Every structure is written in C-alpha cells, then in structure tokens.
Amino acid sequence: MAVYRRSYKPYTGVLTATWWRWLVLFRYSRRNLFRSKVQTVLLTICFFYPLLCLAFIYLAHNVGFLAQIGVSGNLISIDNTFFFRFLSAQGVLAFLLTAFVGPGLISPDLANGALPLYFCRPFSRAEYLAGKSSVLAITLSQITWIPGLILFAVQAGFAGPRWAWNHLWVAGSLILGSLIWIAILSLLAMALSAWVKWRIVAGALLLAVMFFGAGFGQAINAVLRTQTGYFLNLAYLMTEVWSNLFGIDSEHGISVADAWIALLLYCGICLFLLMRKVRAYEVIR
Amino acid sequence: MKTFWWRQIKAVVRLELKKTFFAKRGLWIYLVAALPVFLFMAYAMAVSREQGRMTEMAHEGGKELTYQDLLAVKPGMTNDEVVALLGKPDVHFYWTEHRHTSAQRIEDILHEKYNYSDGQHSLYVEFVNGKAETVMLGEGSNLIRDSIVFAGVFQFFFLRLGLFFGCLGIFMNLFRGEVLDRSLHFYFLAPIRREVLMLGKFLAGLIATCTIFVTSEVLQTTAFLWAYRPSVRNLYLYHNHGLEHAAAYVGITVLACIGYGAFFLIAGMFFRNPIAPTAVILIWEGINPFLPAVLKQFSVIYYLKSLSPVDVPTPPGMHPVLALLISNSNPVSAPVAVLGLLTVALIALCVSSLRVRRMEINYTTE
C-alpha cells in the first residue's frame, strides 16, 4: 500500500483499566533498572544482611549448636532492638540504592521534553508520578519491610504464637517505619531529579542533601546552642521516629511529634516541587 | 616552548573561569559557601542581642554586681537573703500554683523567679515558697571558648562537607561537564597538548574554588568576631593568636582546594557517575583515623587536620570510637603536612595527565 493511502487507525487492542494504567510506567521503568550492572549488584548486596539476620534467628533457636561453638544462648536475642537494627541497616542500603536508581526515573523525560508524550494520552500527572515512584517504592519495599516481615514470620514460627501475638506491634512498626522512609527517599530523589534535570548531578545532590544537611544541622546546634539543627538532619529525624516506633530509648534532641511533622513537611515540599515541574509543557521566558 | 605553553594555559584558564564562575549548574556552590557565613551572622546577632540584654539588666539593677556576687547564691537560700546579697532583682516573675496535696486539700505554692546580671553572666534563681530551689549561672559569650566551636565548624562542616562538595561540583565538572555539553572535542581538536589543557582547567578550578571558599572563610571569621566589643576582639586577634589562627584557616582552605581538586579531577576523568567516587572518597576521608599510618598519608584530611591551629576537645562521655574520629592522632609537623599534601596532589595530577593523553570521547554513550 502506498504511504499516502495510509490513514489514522485507532488502537484496537485491549485497553488497560483506568485504575491500573500507572503500572504500565512501572513495567517499563523497572526493566531499565536491571540494565545497569552496578544497580543489579547493589540490589543483590541489599539481601545479604537479611540473610545474615535469618541465620541469627536460626542460631538463636538452636541453643545446642550455639553451645557446641561456645557461644552463650543469651547472646543473640530476637526482640524489638533486633528489628530496629535490621531496619536501620536496610535503611542505609535503601538510601544508597535510591541515589543510583531515583534520579534516572524522571530527569530523562524532562531533559528530553518527553512529558507531552505521556500527557497527550489518557494519563494524569498523579498517575505519572505514581507509576514512576512505584518503581522505587516496590524495589525499596523488597529490601526493607518485606524481608523484615519474613524475618518476623520465621521468628514467630520458632518462638510460637504467643511471641507473635505479643510482638505484633513490631511488625506494624516495621511496615510503618519502612513506608515513611520509602516515601521520603522516593519523593526527594524524584524532586531533585525533576529540578536538576541532570541524572548524575541529581544523584550526587541526594548524597549531598543527606550528608550536608546532617553536618549543617550539627553546626547550627553547636554555634547557636539550640536543637533546631536536627530538623535539617533527615537521618536523625528518621531515627527518632524509628526509635519511637520500636520502643527504643534514644537521646531526644527534638520530640517524636516534631520529627513526624518535619518528615511529613519534607514529603509535602517534595511533592509540591514535583507537581510544579511535572507538566505537559513548560513556558521558558 | 614553555612560554608558549604558559600562554596556552592562561588562555584555557581565561575561558574556564567564565564557565566556572557563571555556570547555572554551579550556582549551588555559592550557596554551600554562603551557608556557614549565614550561620556565623546569626551567631553574631544572637551574641549581640544577648550581650545587650545582659548589659541592660545590669544597668537596671539597683546594685552593681560582680561575678563573685553571683557565685555566692546557693540553693536553699531564702529570697530575703538573696535580695540582701544582690539587691532587688533586675527581672522578677511570680505565680501561685494550686497543688492537690491530698484528696480534698489544695495547697497554694508561691513560685518566684529572679534574674540578675553582672553584664557578662546571668543568674536565674527559682524560689518555691520563698526558698531557692534552682540556681543557674549562665555563662555569657566567651570568645576563647567560642573559638573552639568555630574550629569545630571549620574542621567538621566547612572542610569535610562544604569544601568537599564544592570541589566536587567544580572539579568534576571540568571534564565531565564538557562531555555532557558535547563540547570537549573543540578543545581536543585545538593545537594544544592535552596535559597543558588539563593543567589549565585545574588552575581555573583552583582559582574559582579558592576565591569562593577563601572569601567564605574570611567572611565567617569577620561575622564571628563582629559581635564582640573592639577591646575583646583586639585582645583575641593580637594577643591570643587570633590573627594567626585566621591566617591558618585561610591557608588550610587553599590547601584543601588543591588536595580535593586534584582528587576530583581524576574522578571526573575515570568515572561517568560521580556518586561512587564521591561516596568512596567521603568514606575514605571519614575512616582516616582508623587507617594504618601508611594509608593515612594518601588522604587530604590527614594533612589538613595536622595543620588545624585549634584542637577540638572530645565531649565527656563520648564513645571511644567516635572520640577517635574527632581526635587528631599522630599529627605531622606543618612543613611535612604542606609538602605531603602537595605531593599527593602532584601524584593525582600526574595520573590525570596520563589519563587525559589517552582519553577518547564517545558522546553517544552518555
């Protein structure tokens, strides 16, 4: 058929249901994630600590074996502190993974002016953001609360239903603590990459926000003899919230409520910045 | 030939300086350099306000007080005894608490708060039913003590984070920025030796970082000293080594720019993504106190810490591992530190020159 005879034909295949259209973005973005060897290796490393924790749980319930290797049975205790440490370690790895994965999600679309191609389809901005952030959210879930719950289930299997019932709140803390950290990391990484538009710089900037914010916060505390510097330290705020969720005693520079408010405020600011940048067109004056 | 190379270096420096100082991508570096200045400006304002408040309190009080007078107040003294000793309080608050002592009894408890000041220190005394329960003697701002805080901010924030990330932004951009802008081939096609180009770019980065961060350091020192009376300032500057310390801080800033600059120049040539080298250098510099003596020498912070004029004391009760991070173990003498840092930077520049000779551009992989 001659080219001029070709005319517009609408898509006749099966349409994805409106509620699940954001999953299309997830599918394609997720595929890109494993094209990088560094990211694949990093993701693999993220599972080492949960495996180690699994071994600890097994050992804690095999007193005979521990006695054979000359270790006291009381040395390993599986309690709220154990799960707090697990989440702290995985939280650090989640941050590193975000520094590599997060900036590449939105910045190429913005840098190459690809957003009109998304938004000329029946696809809202919220769905676009949900699709892009779901890549990080699901990947980070795989290394934080999902292995955490598996560890909890294994421990419950060994210790019995009484332990599981008494410590059910720990499972809730694992999920809530992980979700807030995932939300912060995802929104921060995407907001930075949307505003910088340069994937590599956005990654370095994420690193800088974390370390520089913590350092500047401490400097404010030292120079102005105040505690308000902690509000700039995301890691500190998160540790405060986690300590409270897991019932761990910690040195309170600021109250837990303040830490929660600050974290939610950070999420709000990042979301606002994202919504300002993610538009079908941009007027450049 | 050397004159020709020198002219080429100057031309590259001229071109690069414009790009470095006015690049949109580098605007955040000015913010990084300005943040500690804002911090010390806030400090100066807080100290001035505090000093003004205490001077006002001291003038308003009925009796001229000394530090010894303030020290004489102890818990358990009655308010009459305190008034007899220090006179009528400069600031006086009181309220009555209705406390349930038993099921049906309510007792009225009188709380009073007296504030005194000698112009430099403030005393807060809280009385419960006429007896001093809490006595707090607030130390006023002290330049010598606060100079240790300044040293702490310089060592742990300005050097390790501000200057570190500033150098990362400028020096990694020298080659990586050109590759991302797809403009490096213009330099490579010009009749200029690549080593000369590399040196020109390094010098441009060095001039930019030194200008930005030395200015920041000078402004920080000025803001820090601004709040104090001229007599106190002169005493610190001319009799308590303040001027020497300020000069040392400027020198350390320049050396840090050279050291970190050389490291990030190599990183920009070897790595496409700066996250990995940044994280590695940050961790390497962080774990420096734990490294063996030989490995310590291959870092920048080791020499910079040795040159720091003020040692930051470790707070009491700090974990020994964290204390080690703050402490300056096995410091080297100043000439050795300067020479060592310049040698490390020179080695880094030699590696960079080897790399740049074999560098190939492939914009499609970016």
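**Exercises: a hairpin, a helical chain and an interface**

Strands β3 (residues 122–128) and β4 (residues 131–138) of chain B run antiparallel and are joined by seven bridges. The model is predicted.

**Exercise 1. Describe the link between β3(B) and β4(B).**

Step 1. Take the connection. The two strands form a hairpin, with two residues between them.

Step 2. Check the turn. B:N129 lies in it and has a positive phi of about 55°.

Step 3. Pick a bridge partner. B:L123 pairs with B:L137 in β4(B).

**Exercise 2. Characterise the fold of chain A.**

Step 1. Count the elements. Chain A has 14 helices and zero strands. Along the sequence the pattern is therefore α throughout, as DSSP helices alone are present.

Step 2. Take the dimensions. The C-alpha atoms fill a box of roughly 85 × 55 × 35 Å along the principal axes.

Step 3. Assess burial. Of the 285 residues of chain A, 35% count as buried. The cut-off is 20 or more other C-beta atoms within 10 Å.

Step 4. Look at contact range. Take contacts between residues at least 6 apart in sequence: 76% of them join residues at least 24 apart.

**Exercise 3. Which elements give two or more residues to the side of chain A that touches chain B?**

Step 1. Count the contacts. Here 17 residues of chain A are in contact with 22 residues of chain B.

Step 2. Assign the elements. They are α5 (80–101) and α12 (199–224) of chain A.

Step 3. Find the main contributor. The largest share, 15 residues, comes from α12(A).

Step 4. Sort by chemistry. This side of chain A has 15 nonpolar residues, two polar and no charged.

Definitions and conventions:
Residues are numbered from 1 along each chain as its sequence is written. Chains are lettered from A and ligands numbered from 1 in the order in which they are written. This is a predicted model: local features need pLDDT of at least 70, side-chain atom pairs count only at pLDDT 80 or more; totals for chains, interfaces and linings use all residues. Helices (H or I, at least four residues) and strands (E, at least two) are DSSP runs, numbered from the N terminus. A residue is buried if 20 or more other C-beta atoms lie within 10 Å of its own, exposed if 12 or fewer, and partly exposed in between; C-beta atoms are placed from the backbone. Two residues are in contact if their C-beta atoms, placed from the backbone, lie within 7 Å. Two strands pair if DSSP finds at least two bridges between them. Ala, Val, Leu, Ile, Met, Phe, Trp, Tyr, Cys and Pro count as nonpolar, Asp, Glu, Lys and Arg as charged, and the others, Gly among them, as polar.
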